[in-house]
Amino acid sequence: MSTGSGADSAPAPTSTHESKRGGTFSSLRIRNYRLFATGAVISNTGTWMSRITQDWLVLSLTGSAAAVGITTALQFLPMLLFGLYGGVIADRMPKRKLLLISQAALGLCGIVLAVLTLSGVVQVWHVYLIAFLLGMVTVVDNPARQSFVSEMVGPDQLRNAVSLNSANFQSARLIGPAVAGVLITTVGSGWAFMLNGLSFAAPLVGLLMMRPHELHEPTVVPRAKGQLREGLRYVSGRPELIWPIVLIGFVGTFGFNFPIWLTAFADEIFHGGAGMYSFFNILMAAGSLVGALLAARRGSSRLRMLVAAGTAFGLLEIVASLSPYVWLFALLLVPIGMIGLTTNISANTSVQMASDPEMRGRVMSLYMMVFAGGTPVGAPIVGWISDAYGVRTAMAAGGAISLLAAIGVGLMLTRVGGFRIRVDLRPGRPHLRFVPREKLAAAA
């Protein structure tokens, strides 16, 4: 089934008309994207259910927190090792067909784990293997899904759709763990895995119901040698791509280690236990959801927003790490979640909009490899700092690295673009702007 209607086709007039209308939920007026988003919220909820249940199952099988860490590392390791190859595949194949395959594979993994658990034969190596297989499928699914958004909504609504995707994910993050907790305590872990596997029927139905002639014309790259190196050269020669990816790499590797920090703050610093840890996660998810919805209202994506958000994110983490009161720490988690997601959305949208269609899959695979693939690298480092010097030091260090990365990227962007940073604290004016040097000279 084709993702487009042919080389000479154009998006349907209704879709084009709708794409020009604004609003927080404007991209949902596009039928194909509405089907995509509906399926995604159901499967995302199942995914969050599975994540919580998977960790609980491994802990119950082994009694080891380290085993839980191994499971997480195995799920993210394929992105670090093979992420770029996933982008090459995503550029070579029609995105809709590829997503039908990858979403079905993700659902199948969930059902297999459910059968093993319900039959009582599950062992920890089964969970390890399925976690790795999920990671392998995600290597292809992530760049295909991210780049397919532009085919559904077009450039006018890309930022809005990316923001709503994040809001979708954060909404599921609020619902999924709560549902998982109920299922684990009432009917057992196996049924939580089964519901996760079945939840992927929703995106599959949505993909099948789409109208191919309303998709924006896709770009499929023929198979050829050297396409991986071509993608790396393409990114390295464009500052508007490489520097946002560099920034999100530092932030993702060192600034997004909240499972480690929140667990330690809840247990060691504030002595609140699992209930407090759950509450901290809910506050983070709520802030992230607000950040995604606010990002959806903005009509443009600018690099200055990325730099400002990254700077604020690092500062807030440093302040939170020093908080002597649990209420102040909890209060700061809301803006940290909000601005952290703003940083991610700004980088994601900037990179997608600056990429040529035939290169977008490879560019987004590099983006996801740097952002998600940094977890197996950063988490052990941050964990070691927490054990050796305390969690306050570890969180402050993560915030400081994110802050310095944002400032460094901002300076590099101003240098390569022939700009200078102008700070204006007057009310009603942009507080941070990149101003051309010649404009500054004329105003002097």
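Is His271 buried or exposed? I opened the notebook with that residue, and His271 turns out to be exposed, at a relative accessible area of 64%. A reminder to myself before going further: this is a predicted model.

**Entry 1: His271**

I looked at the backbone next. His271 is not a glycine, yet its phi is positive, at about 55°. I then checked where the residue sits, and found His271 in the loop that links α11 (258-269) to α12 (273-297). The cut-off for exposed is over 50% relative accessible area, so His271 at 64% falls in that class.

**Entry 2: the chain as a whole**

I stepped back for an overview. The chain has 18 helices and two strands. Of its 444 residues, 49% are buried. I also asked how far along the sequence the contacts reach: among contacts with a separation of 6 or more, 82% join residues 24 or more positions apart.

**Entry 3: the cores**

Which residues have the most contacts inside the largest nonpolar core? I noted Phe258, Phe280, Phe329, Ile336, Tyr367 and Met395, in a core of 52 residues. I picked Phe280 for a closer look. Neighbours within four places in sequence aside, Phe280 is in contact with Leu262, Phe265, Ala266, Phe270, Val326, Phe329, Ala330 and Leu333. There is also a second, separate core with 29 residues, among them Leu35, Val153, Leu207 and Ile345.

**Entry 4: α4 against α7**

Here I compared helix α4 (residues 95-118) with helix α7 (residues 189-199). Their axes are 7 Å apart and the packing angle is about 160°. An angle over 145 degrees counts as roughly antiparallel, so α4 is placed in that class relative to α7. The crossing of these two helices is left-handed.

I listed the residues that meet. From α4 they are Gly107, Gly110, Ile111, Leu113, Ala114, Val115, Thr117 and Leu118, and from α7 they are Ser189, Gly190, Trp191, Phe193, Met194, Asn196, Gly197 and Leu198. Sorted by class, the α4 and α7 contact comes to nine nonpolar and seven polar residues, with no charged ones.

Two residues from these helices got their own notes:

- Leu108 belongs to helix α4, and at 53% relative accessibility Leu108 counts as exposed. I also looked up its distance to Met194: the two are 86 residues apart along the chain, and their C-alpha atoms are separated by 9.7 Å.
- Asn196 belongs to helix α7, and at 5% relative accessibility Asn196 counts as buried. Not counting residues up to four places away in sequence, Asn196 touches Ser43, Gly46, Thr47, Ser50 and Gly110.

**Entry 5: α13 against α14**

At what angle do α13 and α14 cross? I found roughly 155° for helix α13 (residues 303-321) and helix α14 (residues 326-354), with axes that come within 8 Å. That makes α13 roughly antiparallel to α14. The crossing is left-handed.

The list of meeting residues went in next. On the α13 side I wrote down Leu303, Met305, Leu306, Ala309, Gly310, Ala312, Phe313, Leu316, Glu317, Val319 and Ala320. On the α14 side I wrote down Phe329, Leu332, Pro335, Ile336, Ile339, Gly340, Thr342, Thr343, Ser346, Ala347 and Ser350. By class, the contact of α13 with α14 has 15 nonpolar, six polar and one charged residues. I was pleased to meet Phe329 and Ile336 again, since both are listed among the residues with the most contacts inside the largest nonpolar core.

**Entry 6: α2 against α6**

Next came helix α2 (residues 31-62) and helix α6 (residues 158-186). Their axes come within 7 Å and cross at roughly 40°. That makes α2 oblique to α6. The crossing is right-handed. How many nonpolar, polar and charged residues are in the contact of α2 with α6? I noted 19 nonpolar, six polar and two charged.

**Entry 7: Thr414**

I closed with one more residue. Thr414 is in helix α17 (residues 391-416). With a relative accessible area of 7%, Thr414 is buried. I then looked up its distance to Arg304: these two are 110 residues apart in sequence, and 9.8 Å apart in space from C-alpha to C-alpha.

How values were computed. Residues numbered from 1 in each chain as written. Predicted model: local features only at pLDDT ≥ 70, side-chain atom pairs only at ≥ 80, totals over all residues. Heavy atoms only, no water. Core = buried A, V, L, I, M, F, W, Y, C linked by side-chain atoms within 4.5 Å. Buried < 20%, exposed > 50% of the residue type's maximum accessible area, 1.4 Å probe, protein only. Contact = heavy atoms within 4.5 Å. Helix = DSSP H or I, 4+ residues; strand = E, 2+ residues; numbered from the N terminus. Axes fitted to C-alpha atoms, helices over the stretch in contact; angles between N-to-C directions. Parallel < 35°, antiparallel > 145°, perpendicular 65-115°, else oblique. Left-handed = near helix turned anticlockwise from the far one by under 90°. Nonpolar A, V, L, I, M, F, W, Y, C, P; charged D, E, K, R; others polar.
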